Amino acid sequence: MNTEQMIKKFIEKYGEGNHSHRVFNAPGRVNLIGEHLDYNGGYVLPAALEFGTTLVIRERDDQQISFASTNMPYEVTLTMEEVFSGKSGEWTDYPIGVIQELDKVGSKLTKGYDLLYHGDIPNGAGLSSSASIEVVTAFALLSMEGREIDTVEIAKLSQRAENLFVGVNSGIMDQFAVANGRKDHAILLMCDTLEYELVPFETGAYKIVIANTNKRRGLVDSKYNERRSECDQALELLQKEMPSLQYLAQLTTEQFAALQNSISDETVRRRAQHVVEENQRVLDSVEVLKNNDLETFGKYMNQSHDSLRYLYEVTGNELDVMVEEFQRHAGTLGARMTGAGFGGCTVALVHEDHIEKVMKEVAQQYEARTGLRPDFYVCGVGQGVHEIKGAL
Ligand code: GLA
């Protein structure tokens with residue numbers, strides 16, 4: 001749906017009104033490498049997508065807030081008091097959580113608003129549709145209220161909305177990428193300090209191909225929390241040997257090799273090994289990307305997947321089959337799962353001359369081996385949250 005069509009829908013829903021509307025967009029994200037590192041204080045390398053969530057917003061004459069979406073049936077109009085009551089379990093929990101967090105940092109809403117969302121990101125596919133809703137809401141409301149915009153603060157408060165109100169214990173990566181992405185760049189983010197660097201991600205004849213396994217991600221939250229607590233256990237044991245250690249990802253591979261025997265549980269040890277080695281892979285990736293060496297980067301992507309499969313154990317049959325089928329092709333430089341895992345999407349770098357053939361053959365083989373039909377998105381790196389200016 002383009003901006004013009006969205007505005008038409010907005011007026012159909014909310015009428016002509018006395019104020020002018022504004023239009024905002026926040027992308028989804030794909031993580032190129034550095035998985036399950038954000039909550040371990042490590043480096044990640046995500047990038048914003050070219051598709052995401054668009055929001056049309058307009059001031060109201062009363063103090064109520066209306067939420068509606070073109071692609072989700074639930075809609076509601078709330079008074080300010082109702083916005084501060086409990087969760088509904090609906091998609092509106094994301095923007096409502098954001099309004100509550102804005103309030104806590106002193107950005108109380110002074111007016112009522114009508115909001116209409118449109119999402120291009122498949123829900124539950126691990127491409128951060130929820131972070132995209134949160135970030136576009138925060139950015140739009142701060143803009144409407146004429147307040148200062150700080151996209152790092154927007155990422156932090158959106159993460160808090162997700163952790164505290166929605167109740168999902170995610171790290172900072174998704175909201176950060178959605179808020180701070182830059183066209184044709186990946187973001188090297190240090191998740192402990194939130195220092196970041198935009199790394200040119202010019203892939204020339206190679207394209208990012210995202211494949212959705214369409215596997216339902218039933219256990220993702222509980223398994224995600226299980227991994228977080230295994231990492232906490234590893235950290236606690238290692239801190240006995242090295243009291244200055246604050247996060248697992250602070251360890252070099254050499255330090256980890258020397259200390260790893262202090263973790264007697266083999267599963268917990270392997271989780272920590274993934275974290276330490278994946279962190280080094282992110283730094284190595286940035287080096288090779290700066291030299292435009294996509295081939296070596298592709299190898300790191302493959303190694304990352306193996307580590308998530310065998311050490312961190314967050315892949316599962318569908319993600320493994322998808323990655324194997326991509327890796328089989330000469331036109332693919334590398335492929336890996338992206339996001340939390342347990343279903344969701346893979347990301348691959350594929351030569352443009354091979355894309356059609358690769359997608360056709362991967363789809364056939366994937367369906368034959370899993371009984372599921374995949375979806376593919378061939379995309380470039382998009383822009384972080386922004387206003388669409390000049391929208392009529
Ligand atoms: C999910 C979380 C992120 C991050 C990834 C794994 O996407 O929301 O914070 O932990 O999983 O890298």
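The following exchange between a trainee and a mentor concerns a predicted model.

Trainee: Which helix gives the largest share of the largest nonpolar core?

Mentor: The largest nonpolar core holds 106 residues. Among them, Leu 45, Ile 57, Phe 67, Phe 201, Ile 208, Ile 210 and Phe 297 touch the most other members. The largest share of this core, 10 residues, is supplied by residues 129-144, that is, by helix H4.

Trainee: How many residues does the second, separate core hold?

Mentor: This core includes Ala 211, Val 323, Met 359 and Val 362. Its total is 14 residues.

Trainee: With which residues is Phe 297 in contact, leaving aside its neighbours within four places in sequence?

Mentor: Phe 297 is one of the residues that touch the most other members of the largest nonpolar core. Its contacts include Phe 201, also listed among those residues. The full set for Phe 297 is Leu 32, Ile 33, Phe 201, Ser 285, Val 288, Leu 289 and Leu 349.

Trainee: What percentage of the ligand's accessible area does the protein cover?

Mentor: The ligand is surrounded by residues that include Arg 29, Glu 35, His 36, Asp 38, Ser 170, Met 173 and Tyr 224. Oxygen atoms of the ligand lie 3.1 Å from a polar side-chain atom of Arg 29 and 2.7 Å from a polar backbone atom of His 36. An N or O atom in the side chain of Tyr 224 is 2.6 Å from an oxygen atom of the ligand. Of the 310 Å² of accessible area that the ligand has on its own, the protein covers 93%.

Trainee: Is Ser 307 buried or exposed?

Mentor: Ser 307 is placed in helix H10, residues 294-310. Beyond its neighbours within four places in sequence, Ser 307 is in contact with His 274, Arg 281 and Tyr 312. Because its relative accessibility is 5%, Ser 307 counts as buried.

Trainee: What separation is found between the C-alpha atoms of Ala 68 and Trp 91?

Mentor: Ala 68 belongs to strand S3, residues 65-69, and is buried, with a relative accessible area of 0%. Apart from its neighbours within four places in sequence, Ala 68 is in contact with residues including Lys 13, Glu 75, Trp 91 and Tyr 117. Ala 68 and Trp 91 are 23 residues apart along the chain, and their C-alpha atoms are separated by 9.8 Å.

Trainee: Which residue in the hairpin of S9 and S10 takes a positive phi?

Mentor: Strand S9 spans residues 332-338, and 7 of its 7 residues are buried. S9 pairs with strand S10, residues 345-351, in the antiparallel sense over 6 bridges, and Thr 332 has Val 350 as its bridge partner in S10. The hairpin has 6 residues between the strands, and the positive phi, near 95 degrees, is that of Gly 339. A residue that also appears among those surrounding the ligand is Gly 339.

Trainee: Which residue in the turn between S6 and S7 has a positive phi?

Mentor: Strand S6, residues 185-190, is mostly covered, with 5 of its 6 residues buried. S6 is joined to strand S2 by 2 bridges in an antiparallel arrangement, with Tyr 43 opposite Met 190. S6 also pairs in the antiparallel sense with strand S7, residues 196-200, over 5 bridges, where Leu 188 has Glu 197 as its partner. S6 and S7 form a hairpin with 5 residues between them, and the turn residue with a positive phi, about 65 degrees, is Leu 194.

Definitions and conventions
Residues are numbered from 1 along each chain as its sequence is written. This is a predicted model: local features need pLDDT of at least 70, side-chain atom pairs count only at pLDDT 80 or more; totals for chains, interfaces and linings use all residues. Side-chain values use heavy atoms; hydrogens and water are left out. A nonpolar core is a set of buried Ala, Val, Leu, Ile, Met, Phe, Trp, Tyr and Cys residues joined through side-chain atoms within 4.5 Å. Buried means under 20% relative accessible area, exposed over 50%, partly exposed in between (1.4 Å probe, protein chains only). Helices (H or I, at least four residues) and strands (E, at least two) are DSSP runs, numbered from the N terminus. Contact means heavy atoms within 4.5 Å. A residue is near a molecule or strand if one of its heavy atoms lies within 4 Å of it. A polar contact is a pair of N or O atoms within 3.5 Å; within protein, one must be able to donate a hydrogen and the other to accept it, and residues adjacent in sequence count only if both atoms are side-chain atoms. Accessible areas come from the Shrake-Rupley method with a 1.4 Å probe; for residues, only the protein chains shown count as cover. Two strands pair if DSSP finds at least two bridges between them.
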